[in-house]
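Work through the following exercises with the sequence and the coordinates open beside you. Each begins with a task and continues with a solution in steps.

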Amino acid sequence: DTSPVSGAEDGQPITVKTPHYEISQIEFVVDPNGSLHVRGKVKNLSTDRDFRNPQVYVALFDKLGVQIALKPVRMANVGGVLFRGDTGEFDAPFPKFNTTVGAYRVSLDP
């Protein structure tokens with residue numbers, strides 16, 4: 001999914017929205033060990049579909065647009081199914097990450 005990401009530069013919260021899900025509250029945090037964490041929440045917007053074994057994919061790109069990292073992660077508070085209307089949280093850690101990120105993409109692959 002290559003849905004556009006809004007926010008950040010205009011001061012609004014960053015959100016990725018598709019007809020089936022919404023990824024919101026995306027944030028970047030560097031922990032004391034130098035690991036970069038990309039965190040957020042995923043809401044199942046579908047009225048007729050549960051997502052089985054959902055994973056969030058976080059891709060990082062350098063300033064030239066070259067992909068420098070890709071990490072699939074499971075949601076912390078979701079078992080095997082993200083039910084209709086439910087929200088899951090994710091945290092994608094990139095250990096000892098010291099490369100400048102020029103762009104990123106966050107998507108769900110149920």
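## Exercise 1: Salt bridges

Task: search the whole structure for salt bridges, state how many there are, and place the partners of Lys41 and Asp50 in the fold.

Solution. The search of the whole structure gives 4 salt bridges, where a salt bridge is a side-chain nitrogen of Lys or Arg within 4 Å of a carboxyl oxygen of Asp or Glu. The model is a predicted one, in which local features need pLDDT of at least 70 and side-chain atom pairs count only at pLDDT 80 or more, while totals for chains, interfaces and linings use all residues. Residues are numbered from 1 along each chain as its sequence is written, and side-chain values use heavy atoms, with hydrogens and water left out.

Step 1. Lys41 is bridged to Glu89, with 3.8 Å between the closest N and O atoms. This pair links distant parts of the chain, since Lys41 belongs to strand S3 and Glu89 to strand S8, 48 residues apart; strands (E, at least two residues) are DSSP runs numbered from the N terminus, as are helices (H or I, at least four).

Step 2. Asp50 is bridged to Arg84, and here the closest N and O atoms are 3.0 Å apart. Asp50 lies in the loop between S3 and strand S4 (51–52), and Arg84 in the loop between strand S7 (81–82) and S8, so this pair ties together parts that are 34 residues apart in sequence.

Step 3. Glu22 forms a salt bridge with Lys17, at 3.9 Å between the closest N and O atoms.

Step 4. For accessibility, buried means under 20% relative accessible area, exposed over 50%, and partly exposed in between (1.4 Å probe, protein chains only). Lys17 counts as exposed because its relative accessibility is 55%. Lys41 is partly exposed at 27%, Glu89 is partly exposed at 38%, and Arg84 is partly exposed at 41%.

## Exercise 2: The open sheet

Task: give the order of the strands in the open sheet, and then describe the pairing of S2 with S3 and of S1 with S2.

Solution. Step 1. The open sheet is formed by 4 strands in the order S1-S2-S3-S8, with antiparallel pairing; two strands pair if DSSP finds at least two bridges between them. Its edge strands are S1 (16–17) and S8 (87–94), each of which pairs on one side only.

Step 2. S2 (residues 21–30) and S3 (residues 36–44) run antiparallel and are joined by 8 bridges, and Glu27 stands opposite Arg39 in S3. In the hairpin of S2 and S3, 5 residues lie between the strands, and among them Gly34 takes a positive phi near 90°.

Step 3. S1 and S2 also run antiparallel, joined by 2 bridges, and Val16 has Ile23 in S2 as its bridge partner. These two strands form a hairpin with 3 residues between them.

## Exercise 3: Two serines

Task: decide whether Ser24 and Ser35 are buried or exposed, and list what surrounds each of them.

Solution. Step 1. Ser24, found in strand S2, counts as buried because its relative accessibility is 16%. Leaving aside neighbours within four places in sequence, Ser24 is in contact (heavy atoms within 4.5 Å) with Ile14, Thr15, Gly40 and Lys41.

Step 2. Ser35 is found in the loop between S2 and S3 and is buried, with a relative accessible area of 10%. With neighbours within four places in sequence again left aside, Ser35 is in contact with Val29, Val30, Phe94, Pro95, Lys96 and Phe97. A polar atom of the Ser35 side chain lies 3.3 Å from the backbone nitrogen of Lys96.

## Exercise 4: Aromatic rings

Task: count the aromatic pairs in the structure, and classify the pair of Phe28 and Tyr104.

Solution. Step 1. The structure holds 2 aromatic pairs; rings of Phe, Tyr and Trp (its six-membered ring) pair if their centres lie within 6.5 Å, and planes under 30 degrees apart count as stacked, over 60 as edge-to-face and the rest as tilted.

Step 2. The ring centres of Phe28 and Tyr104 are 4.7 Å apart and the planes stand at 70°, so the pair is edge-to-face. Phe28 lies in strand S2 and Tyr104 in strand S9 (residues 103–109), so the pair ties together parts that are 76 residues apart in sequence. Phe28 itself is partly exposed, with a relative accessible area of 35%.

Terms used:
Polar contact = N/O pair within 3.5 Å; in protein donor to acceptor, adjacent residues only side chain to side chain.
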